[in-house]
Amino acid sequence: MSSALLLAATGCEDPNNLGVELPGTSPVSTEYRDYRVNASTILQDSVETLNADRVLVGRLTDATLGTTTAKAYFNLRASTDTLPSDLTNPVLDSVVLVSSFDQVYGSATKTVSFDLLKLRDGLDDKKTYNSGVQDVAVGEPIGEKLISSLKRTTTAEVAVEPGVLKSKKKLNADKTPADSTISVTSPDPTIRLVIQKDRVRSSDFANALFSALKDASFGQSKLDALLKGLAVVPSSNQTAAIVALNRASVNCIYVYHHGTISGLARQRSYRVRLGSSYVSGDANTPRYYTQLTTDFKAPFSVLLDGTKSLRVADSVTYMQQGLGLATRLTIPGLKELANQPGLAINRAELIIPIKSSGTLLFPNPTVAFLYEINANNRVLQRTVNISPVERIVQANLQNQLGQGKEAAVSLYDVDASKKYYSVVITTYLQAYLANQLGEQAAALMLSPVLRRSFDLSLNRSVLDAQNIKLRVYSSKLR
């Protein structure tokens, strides 16, 4: 009787609705498949460095790629600091360029050596500057082979609880424990280039600048007449490091001096501000940019023809910020996918392994982005609203014809021997297979930086070109 009742209850139901169908009775099949991805290294057409979050200065030889030289060019601003004219008998003590850094590519144990040169004209407010612009004319040097340590420290007295350090404990007048202090040493990540210092180095420029500052009417126009702009470039003997100078309020030329007011001695400083002393987005920021050139070794020298790509013998590809290196990705299996009727893409994930040897000199970028490029390795464009924008893969579930919602190719650092990038591109692949994207892209470009961003570094990844794959989960009607 129980069997009869059960058959009566289920005999008219579709077994698919019960989830207990027999094998082969469902009209839908689900599977996943890994599609091979062909990868090669290419060189992007430009790297934006104007008013970036960092400027790079130095020279570094990489045994694999070649020698990279970084030069920084600044417009300057007079500050609102009190002028030496406020003092009686002002005397110049020193003139020092101070700039903060947060990354060193190469050796941080050796001193760096830089030259400071005047710009013949300031950076033009109407001109575009990127890493490849090399027509900025420089004039006479302000200082040559100015050295600085990258291991500077500062020492400060820090209060501790009474009785914590008994050997240093102090007593108040009534013999009760008093707060103690200890000396704490911490890193001081700044370069300091001494342009002039009493009994150490003399500079005609420093003397002229101080003489101008003693005029109570000193302002921006008089600074421009004396110094239209500043170039900071590696000296001929600087070969072991490139320093990333970050935005910080200390990025200035400091004019240290002393004098008297009403017979009392005073020590002061006046700042000439570099553009990187302003916070990001400040409308008053004067222009500055980094010029980057790389003397690529063979076989990477072929990349100087931007239409070429390279896959080296050990089956690795590169992507590197600053230099503009990126990885070109093509997926032959997409044609096969497009020719399968009734196929639904449930999930598509791009998996990009990293070679373990990729971070000897340069950290891995923490994120990358996918651009659509043509056969000549140039980024395709589309019009959004009324503006032309570069075609970049948008995040999953976002409009692939839009902008501003870019898919982040994230770094997964599992352990020392297992690192990889991954991104879900289901929505993009669905739009690609449905031919909804406009002009068909010849390939995707994996870029370590969002090209319109203000991020600048030399972070690099060496990718395992043989094992990059697109994993596709799909369903198909039988």
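Which side chain does a polar contact of 3.4 Å join to that of Thr-185? The partner is Thr-155. I shall begin with this pair, and I should state at the outset that we are looking at a predicted model.

Thr-185 belongs to strand 12, which covers residues 180-187. Its relative accessibility is 52%, and the residue therefore counts as exposed, the cut-off being over 50%. Along the sequence, Thr-185 and Thr-155 are separated by 30 residues, yet their C-alpha atoms are 4.4 Å apart in space. Once neighbours within four places in sequence are set aside, Thr-185 is in contact with Thr-153, Thr-154 and Thr-155.

Let me now turn to the chain as a whole. The protein chain contains six helices and 29 strands. It has 478 residues, of which 46% count as buried. Among contacts with a separation of 6 or more, 79% are between residues 24 or more positions apart. The exposed area of the protein chain is about 23,900 Å², and carbon and sulfur atoms supply 49% of that area.

My next residue is Ser-447, in strand 27, residues 443-447. Is Ser-447 buried or exposed? With a relative accessibility of 0%, Ser-447 counts as buried. Its side chain has a polar contact of 3.1 Å with the side chain of Gln-44. Gln-44 is also in the list of residues that Ser-447 touches, when those up to four places away in sequence are not counted; the others in that list are Met-319, Ala-326, Ala-368, Phe-369 and Tyr-371.

Tyr-371 leads us to the charged groups placed over rings. Arg-451 lies over the face of Tyr-371, 5.8 Å from the ring centre. There is also Arg-273, whose charged end sits over the ring of Tyr-278 at 4.0 Å from the centre of that ring.

We come to the aromatic pairs. With ring centres required to lie within 6.5 Å, the count is ten aromatic pairs. One stacked pair is formed by Tyr-254 and Tyr-256, with 5.9 Å from centre to centre and 10° between the planes. Tyr-254 is buried, at a relative accessible area of 12%, whereas Tyr-256 is partly exposed, at 28%. Tyr-412 and Tyr-420 provide another case: their ring centres are 5.2 Å apart and their planes meet at 15°, so this pair is stacked as well. Here Tyr-412 is partly exposed at 39% relative accessibility, and Tyr-420 is partly exposed at 23%. In addition, Tyr-73, Tyr-129 and Tyr-289 form one aromatic cluster.

I shall close with helix 6. Why can helix 6, residues 426-433, be described as largely enclosed by the rest of the structure? The reason is that six of its eight residues are buried. Those buried residues are Thr-426, Thr-427, Tyr-428, Leu-429, Ala-431 and Tyr-432. Just after this helix, Asn-435 adopts a positive phi of about 55°.

To return to the two polar contacts of this talk: the one between Thr-185 and Thr-155 spans 3.4 Å, and the one between Ser-447 and Gln-44 spans 3.1 Å. Thr-185 counts as exposed, whereas Ser-447 counts as buried. Thank you for your attention.

Terms used:
Residues numbered from 1 in each chain as written. Predicted model: local features only at pLDDT ≥ 70, side-chain atom pairs only at ≥ 80, totals over all residues. Heavy atoms only, no water. Phe/Tyr/Trp six-rings, centres within 6.5 Å; stacked < 30°, edge-to-face > 60°. Buried < 20%, exposed > 50% of the residue type's maximum accessible area, 1.4 Å probe, protein only. Lys NZ or Arg CZ within 6 Å of the ring centre and 35° of its normal. Helix = DSSP H or I, 4+ residues; strand = E, 2+ residues; numbered from the N terminus. Polar contact = N/O pair within 3.5 Å; in protein donor to acceptor, adjacent residues only side chain to side chain. Contact = heavy atoms within 4.5 Å. Areas by Shrake-Rupley, 256 points an atom, 1.4 Å probe, with all protein chains shown as cover.
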